[in-house]
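I opened this entry to keep a record of what I looked up in the structure, beginning with the overall layout and then going on to the packing and to a few single residues.

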Amino acid sequence: MKVYTKSGDGGTTSLVGGERVPKSDERVEAYGTVDELMAFTALLTDRMRHTEALAPAVGELEQILSRLMGVAALLATGKGAGEKVAPLGAEPVAWLEERIDAMQAQLPPITKFTLPGGDESVSLCHVCRTVCRRAERAALRAAALHKIPADVLAYLNRLSDYFYLLGRTTTARLNVEERLWIP
């Protein structure tokens with residue numbers, strides 16, 4: 001199978017189910033931003049894989065990558081898709097909440113905003129967080145016009161919180177200074 005089909009040369013693409021839509025469709029923007037988030041999450045995973053103190057997060061991030069592929073597929077679902085894409089369900093959101101709570105319990109409370117930086121891995125956590133927030137906004141725009149499962153929106157919302165706490169946890173595990181914004 002060839003990578004290029006030429007069917008998108010006119011500015012359209014196919015959703016799951018075969019429906020053709022403009023490449024500017026809100027669903028395309030949403031799943032494209034999730035795809036970007038997947039690439040940054042993979043980069044973060046690869047960066048953490050080589051640091052023993054960060055190795056515990058690697059399995060979690062690989063699970064998140066798999067879930068994000070499902071999220072992208074759900075965002076890419078159009079007319080005629082039927083049951084071609086499995087629903088996300090509530091469990092992945094609950095799992096993220098458990099991980100967030102566990103990380104937060106290990107960290108000192110703060111009352112200021114966290115500034116990215118201190119280590120490449122910390123910065124990449126924040127890149128993932130901000131791209132995830134953008135993906136969530138794109139998914140919300142798509143949901144205003146198309147049927148998007150509520151658990152997809154909840155997952156993206158929790159995932160950005162996960163990346164924030166992963167950044168704080170990474171800061172602690174690497175014993176680098178947590179930079180707080182003090183205006």
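**Layout.** I began by reading along the sequence, where the protein follows the pattern β-β-α-α-α-α-α, and I noted that the model is a predicted one. The elements come to five helices and two strands. For the overall dimensions I took the C-alpha trace, which spans about 50 × 35 × 30 Å along its principal axes. I then looked up burial and found that, of the 183 residues of the protein, 40% count as buried. Among the contacts with a separation of 6 or more, I noted that 74% are accounted for by residues 24 or more positions apart.

**Core.** Which residues have the most contacts inside the largest nonpolar core? I found Leu159, Tyr162, Phe163 and Leu166 in that place, within a core of 49 residues. The elements that give two or more residues to this core are helix H1 (26-49), helix H2 (55-75), helix H3 (91-105), helix H4 (120-143) and helix H5 (150-173). H2 gives the most to this core, with ten residues. I followed up Phe163 and, leaving out residues up to four places away in sequence, listed its contacts as Leu37, Thr41, Leu44, Leu61, Cys125, Cys128, Arg129 and Cys132.

**H1 with H2.** I next looked at the axes of H1 and H2, which come within 9 Å and cross at roughly 165°. An angle over 145 degrees counts as roughly antiparallel, and H1 is therefore roughly antiparallel to H2. I recorded the crossing of H1 and H2 as left-handed. On the H1 side the residues making the contact include Arg27, Tyr31, Val34, Leu37, Met38, Thr41 and Leu44, while those on the H2 side include Val58, Leu61, Glu62, Leu65, Leu68 and Ala72. Sorted by class, the contact of H1 with H2 has 19 nonpolar, two polar and three charged residues.

**H2 with H3.** I turned to the axes of H2 and H3, which come within 12 Å and cross at roughly 155°, so that H2 and H3 are roughly antiparallel to each other. The crossing of H2 and H3 is left-handed. In this contact, Glu60, Gln63, Ile64 and Arg67 in H2 meet Glu91, Pro92, Trp95, Leu96 and Arg99 in H3. By class, I noted four nonpolar, one polar and four charged residues for the contact of H2 with H3.

**H4 with H5.** For H4 and H5, I found that the axes come within 8 Å and cross at roughly 170°, which makes H4 roughly antiparallel to H5. The contact of H4 with H5 has, by class, 14 nonpolar, seven polar and four charged residues.

**Arg168.** I then asked myself whether Arg168 is buried or exposed. With a relative accessible area of 5%, Arg168 is buried, the limit for that class being under 20%. The place of Arg168 is in helix H5. Setting aside its neighbours within four places in sequence, I listed Leu107, Pro108, Ile110, Thr114 and Glu178 as the residues in contact with Arg168.

**Lys23.** I went on to Lys23, which lies in the loop between strand E2 (20-22) and H1. Its relative accessible area is 45%, so I entered Lys23 as partly exposed. Not counting residues up to four places away in sequence, Lys23 touches Gly8, Gly11, Thr12, Thr13 and Val28. I also looked up the separation of Lys23 from Ala72, two residues that are 49 residues apart along the chain, and found 15 Å between their C-alpha atoms.

**Ile182.** My last look-up was Ile182, which has its place in the segment after H5. I entered Ile182 as exposed, with a relative accessible area of 63%, since exposed means over 50%. How far apart are Ile182 and Pro22 in sequence and in space? I noted 160 residues in sequence and 45 Å in space, taken C-alpha to C-alpha.

Note on methods: Residues are numbered from 1 along each chain as its sequence is written. This is a predicted model: local features need pLDDT of at least 70, side-chain atom pairs count only at pLDDT 80 or more; totals for chains, interfaces and linings use all residues. Side-chain values use heavy atoms; hydrogens and water are left out. A nonpolar core is a set of buried Ala, Val, Leu, Ile, Met, Phe, Trp, Tyr and Cys residues joined through side-chain atoms within 4.5 Å. Buried means under 20% relative accessible area, exposed over 50%, partly exposed in between (1.4 Å probe, protein chains only). Helices (H or I, at least four residues) and strands (E, at least two) are DSSP runs, numbered from the N terminus. Contact means heavy atoms within 4.5 Å. Axes are lines fitted to C-alpha atoms, for helices over the stretch in contact, and angles run from 0 to 180 degrees between N-to-C directions. Angles under 35 degrees count as roughly parallel, over 145 as roughly antiparallel, 65 to 115 as roughly perpendicular and the rest as oblique. A crossing is left-handed if the near helix is turned anticlockwise from the far one by less than a right angle, and right-handed if clockwise. Ala, Val, Leu, Ile, Met, Phe, Trp, Tyr, Cys and Pro count as nonpolar, Asp, Glu, Lys and Arg as charged, and the others, Gly among them, as polar.
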